[in-house]
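Please examine the structure shown below and follow the explanation step by step. It begins with the chain as a whole and then turns to particular side chains.

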Amino acid sequence: SAKETAKQKKKKAISTTDKGRSNLSSTQRSQIASQLAHLESLCPLSEPARNPLMEGPWIVLYTDAPPPSNGQLGPFKGVAKQVIDLQKGTYKNELYVGGSGTDEDENAWLGAVLEATWKEWDGVYLDNDQDDASVTTLATTTSSDSSNSNNNIDHGATTWRVDFVSLTLSIFQLRIFTQKFKEGTARTWKMTYLDGDTRIVRAGKTGRGEDDWIFYMRRGVSE
């Protein structure tokens with residue numbers, strides 16, 4: 001099928017990128033971005049953010065995001081993972097270094113876990129600056145009348161607002177410290193592709209497309 005062909009091309013293109021951490025040229029990044037956009041155009045779901053396939057573990061195979069989102073903590077490179085609980089409305093971003101198993105997350109000597117909650121995004125751009133009066137601006141694509149246009153867009157069908165709760169660092173499975181995030185520390189997750197084994201997310205600081213990072217993931221095998 002077209003989807004499987006696109007995924008195979010993508011798999012080959014990212015095979016030598018160290019999950020996106022390699023020093024890739026702008027041409028290489030552009031080619032990978034183009035392949036991802038093609039796969040996104042083949043998404044079989046109209047409301048991926050509401051689909052039960054979101055549930056469970058996901059392993060990051062490629063991202064253009066900086067550390068630690070790309071699975072690197074300081075000089076140490078590992079695997080980045082997301083675990084979603086739809087019933088509880090929570091998720092975890094996990095990073096493991098030196099792990100074993102299919103997901104490279106077992107018996108890791110270094111681990112970091114970000115715990116967060118999620119809810120459907122209402123289209124209001126997130127606040128990067130507490131003094132910025134534009135934080136109430138609504139996402140719109142066709143009209144200067146933000147409120148009317150926003151009412152016609154079902155942002156929650158594709159996008160979550162995720163609110164960070166805490167970050168815990170562990171060494172040899174022993175918790176070293178836990179940091180609580182300031183209330184309101186949030187991001188947007190736009191689900192642009194989802195099927196039984198593959199997921200693409202564009203994660204942003206505000207909800208505007210120009211500040212997002214792309215994550216290409218496969219389904220994990222362990223929680």
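Of the 223 residues in the chain, 41% are buried. The model is a predicted one, and this should be kept in mind throughout. The surface that the chain exposes amounts to about 11800 Å², and 50% of it is supplied by carbon and sulfur atoms.

The chain contains three helices and 11 strands. Read from the N terminus, the order of these elements is α-α-β-β-β-β-β-β-α-β-β-β-β-β. Among contacts with a separation of 6 or more, 60% are made by residues 24 or more positions apart.

How confident is the predictor in this model? The mean pLDDT of the chain is 90, and 88% of the residues reach 70 or more. Among the elements, strand 1 (residues 56-63) has the highest mean pLDDT, at 98, whereas helix 3 (residues 146-151) has the lowest, at 44. Two stretches deserve particular caution. Over residues 128-137 the pLDDT stays under 50, and the model has 13 contacts beyond four places in sequence for this stretch. Over residues 141-149 the pLDDT is also below 50, and this stretch has eight contacts beyond near neighbours in sequence. Where pLDDT is low, predicted coordinates should not be read in detail.

The aromatic side chains may be considered next. The structure holds seven aromatic pairs. In the pair of Trp109 and Phe172, the ring centres are 6.3 Å apart and the planes meet at 40°; the pair is therefore tilted, since that class covers angles that are neither under 30 degrees nor over 60. Which parts of the chain does this pair tie together? Trp109 belongs to the loop between strand 5 (90-97) and strand 6 (110-120), while Phe172 belongs to the loop between strand 7 (159-171) and strand 8 (174-180), so the pair links parts that are 63 residues apart in sequence. Are the two residues buried or exposed? Trp109 has a relative accessibility of 29% and so counts as partly exposed. Phe172 is exposed, because its relative accessible area is 54%, and the cut-off for exposed is over 50%.

Elsewhere, one aromatic cluster is formed by Tyr91, Trp118, Trp160 and Trp189.

Finally, aromatic rings also appear beneath charged groups. The charged end of Lys10 sits over the ring of Tyr216, at 5.6 Å from the ring centre. Likewise, the charged end of Arg208 sits over the ring of Tyr125, at 4.0 Å from the centre of that ring.

Note on methods. Residues numbered from 1 in each chain as written. Predicted model: local features only at pLDDT ≥ 70, side-chain atom pairs only at ≥ 80, totals over all residues. Heavy atoms only, no water. Phe/Tyr/Trp six-rings, centres within 6.5 Å; stacked < 30°, edge-to-face > 60°. Helix = DSSP H or I, 4+ residues; strand = E, 2+ residues; numbered from the N terminus. Buried < 20%, exposed > 50% of the residue type's maximum accessible area, 1.4 Å probe, protein only. Lys NZ or Arg CZ within 6 Å of the ring centre and 35° of its normal. Contact = heavy atoms within 4.5 Å. Areas by Shrake-Rupley, 256 points an atom, 1.4 Å probe, with all protein chains shown as cover. pLDDT = per-residue confidence, 0-100.
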